Each structure stands twice: as structure tokens, then as C-alpha cells.
Amino acid sequence: MEHNVSRAQLLSGDVKGEKQPFRPPWAVAEIDFVEVCNGCGDCVTACPDKLIIAGRGKLPRMDFSRGGCDFCQDCLSACKAGALVQNVESPAPPWKIKASIQPACLSLNAVICRSCGEVCDERAIRFKLELGGVAKPILDTDLCTGCGACFAVCPIRAVTLCSINEPCDQAA
């Protein structure tokens with residue numbers, strides 16, 4: 001099976017092209033992104049929530065520890081290089097990032113916490129009360145936009161974000 005990997009991925013030992021930084025919404029495929037993005041920083045300055053930061057080689061990446069993306073499209077409008085592209089004829093989600101709740105979750109361990117569910121505008125995270133008073137988080141990945149708001153508020157980082165190319169780490 002042939003894998004298309006960027007030079008940065010190859011040099012970091014990622015020969016399968018599975019580990020990639022989270023790029024801004026509507027980013028083209030990583031192999032194309034590193035070729036097309038000129039590192040100008042226009043998307044970084046355009047982001048009203050300061051979620052896009054300059055990463056390795058000045059290429060933009062998302063910093064979800066700062067909050068969740070509301071998909072305002074300011075970064076998309078600012079990108080003149082063509083690294084962020086929305087297909088208007090066949091609208092697709094801005095990215096293929098999804099949340100995952102890890103076993104270390106406070107609620108799963110009988111500690112009252114519903115921070116992730118409270119910030120989820122899409123209602124992708126709900127809580128189901130179980131015997132013994134434990135409120136188990138239920139994540140509906142079909143509703144999850146991968147905005148990152150749940151990641152930002154989790155006090156112990158038990159919510160992780162992963163792309164379709166990189167399986168979520170299930171370790172606690």
C-alpha cells in the first residue's frame with residue numbers, strides 16, 4: 001500500500017503519514033498543505049479566538065487548549081495561498097476531527113463533572129445517570145463537529161481529539 005507523506009512526517013518517523021498536527025478548518029490534505037501554505041500567518045491573525053497558532057515551519061496549527069472553534073470562516077477568507085479551501089458545490093465538514101472520552105474521565109470515576117457536556121453546542125455529549133449515582137458521558141460522534149470546546153474545558157484532559165487518520169489514544 002502506498003502512503004503519501006510530507007517531508008516533515010517522513011523526517012519525524014511517521015512513514016505512514018498518520019500523525020499530523022490539527023490544521024485550521026478547511027485545510028487541504030496534509031501532503032498538499034505543506035506544499036501550498038506559505039506560512040504567511042494571515043489565518044493566525046484572522047482567528048478571533050486565537051485558536052490558530054504558528055507551528056513548525058510557521059505552518060498554522062490549531063491549539064484547542066485555548067477553546068473551541070466556531071467555524072466562523074475568518075481563516076478561510078484570509079487564506080490567499082489556497083491551503084484552506086471550502087468546496088461550495090459539495091459542502092463537507094470543515095475537518096474530520098472527532099472527540100473521544102477516555103477512561104480517566106472524572107464522571108466515569110464517580111466524580112461530579114459535566115464540563116464537556118455543558119460547552120457542547122451540538123449536544124454531542126450527554127450524561128446518563130446510572131446506578132450508584134454515576135453520570136456516564138455518552139458521546140454521539142455523528143453530532144460531534146470536532147470543535148474542541150470539550151477538550152479545552154476538561155480539567156484532566158480526559159477528552160481527546162483525533163482525526164480519521166489517527167486513532168484516538170484509548171489509554172487513561
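A residue counts as buried when its relative accessible area is under 20%, as exposed when that area is over 50%, and as partly exposed in between. In this predicted model, 37% of the 172 residues of the chain count as buried.

The chain holds 6 helices and 6 strands. Read from the N terminus, these elements follow the order α-α-α-β-β-α-β-α-β-β-α-β. The places named below are given relative to these elements.

A starting point is Trp26, which sits in the loop between α1 and α2. The backbone at Trp26 has a positive phi of about 70°, although Trp26 is not a glycine. Trp26 is buried, because its relative accessible area is 7%, which falls under the 20% limit.

The ring of Trp26 also takes part in an aromatic pair. The count of such pairs in the model comes to 4. In one of them, the ring centres of Trp26 and Phe71 lie 6.3 Å apart and the ring planes stand at 80°, so the pair is edge-to-face. This pair links distant parts of the chain: Trp26 belongs to the loop between α1 (7-11) and α2 (30-36), while Phe71 belongs to the loop between β2 (60-62) and α4 (74-78), and the two are 45 residues apart.

Another pair joins Phe64 and Trp95. Their ring centres are 5.7 Å apart and their planes meet at 75°, so this pair too is edge-to-face. It also links distant parts of the chain, with Phe64 in the loop between β2 and α4, Trp95 in the loop between α4 and β3 (97-101), and the two positions 31 residues apart. Phe64 has a relative accessibility of 5% and therefore counts as buried. Trp95, with a relative accessible area of 10%, is buried as well. Taken together, ring pairs connect Phe22, Trp26, Phe64, Phe71 and Trp95 into a cluster.

Charged side chains come next. Side chains of opposite charge can pair when their charged atoms come close. The model contains 2 salt bridges. One of them joins Arg23 to Glu30, with the closest N and O atoms 2.8 Å apart. Both partners of this bridge are buried: Arg23 has a relative accessible area of 12%, and Glu30 has a relative accessibility of 8%.

In the other bridge, the side chains of Arg66 and Asp63 meet at 3.0 Å, N to O. Here the two partners fall into separate classes. Arg66 is partly exposed, because its relative accessible area of 47% lies between the two limits. Asp63 is buried, with a relative accessible area of 15%.

On the surface, Asp49, Asp70, Asp74, Asp121 and Glu122 gather in a patch of negative charge. One member of this patch, Asp121, lies in the loop between α5 (115-119) and β4 (125-129). Asp121 is exposed, because its relative accessible area of 72% is over the 50% limit.

A last stop is Arg157, in the loop between α6 (149-153) and β6 (159-163). Arg157 has a positive phi of about 55° although it is not a glycine. Its relative accessible area is 36%, so Arg157 is partly exposed. Trp26, the other residue described here with a positive phi, is buried.

Terms used. Residues are numbered from 1 along each chain as its sequence is written. Side-chain values use heavy atoms; hydrogens and water are left out. Patches are made of residues with over 30% relative accessible area and no salt bridge: like charges are joined within 9 Å, nonpolar side chains (Val, Leu, Ile, Met, Phe, Trp, Tyr) within 5 Å. Accessible areas come from the Shrake-Rupley method with a 1.4 Å probe; for residues, only the protein chains shown count as cover. A salt bridge is a side-chain nitrogen of Lys or Arg within 4 Å of a carboxyl oxygen of Asp or Glu. Lys and Arg count as positive and Asp and Glu as negative; His and the chain ends are not counted. The place of a charge is taken as NZ of Lys, CZ of Arg, CG of Asp or CD of Glu. Helices (H or I, at least four residues) and strands (E, at least two) are DSSP runs, numbered from the N terminus. Buried means under 20% relative accessible area, exposed over 50%, partly exposed in between (1.4 Å probe, protein chains only). Rings of Phe, Tyr and Trp (its six-membered ring) pair if their centres lie within 6.5 Å; planes under 30 degrees apart count as stacked, over 60 as edge-to-face and the rest as tilted.
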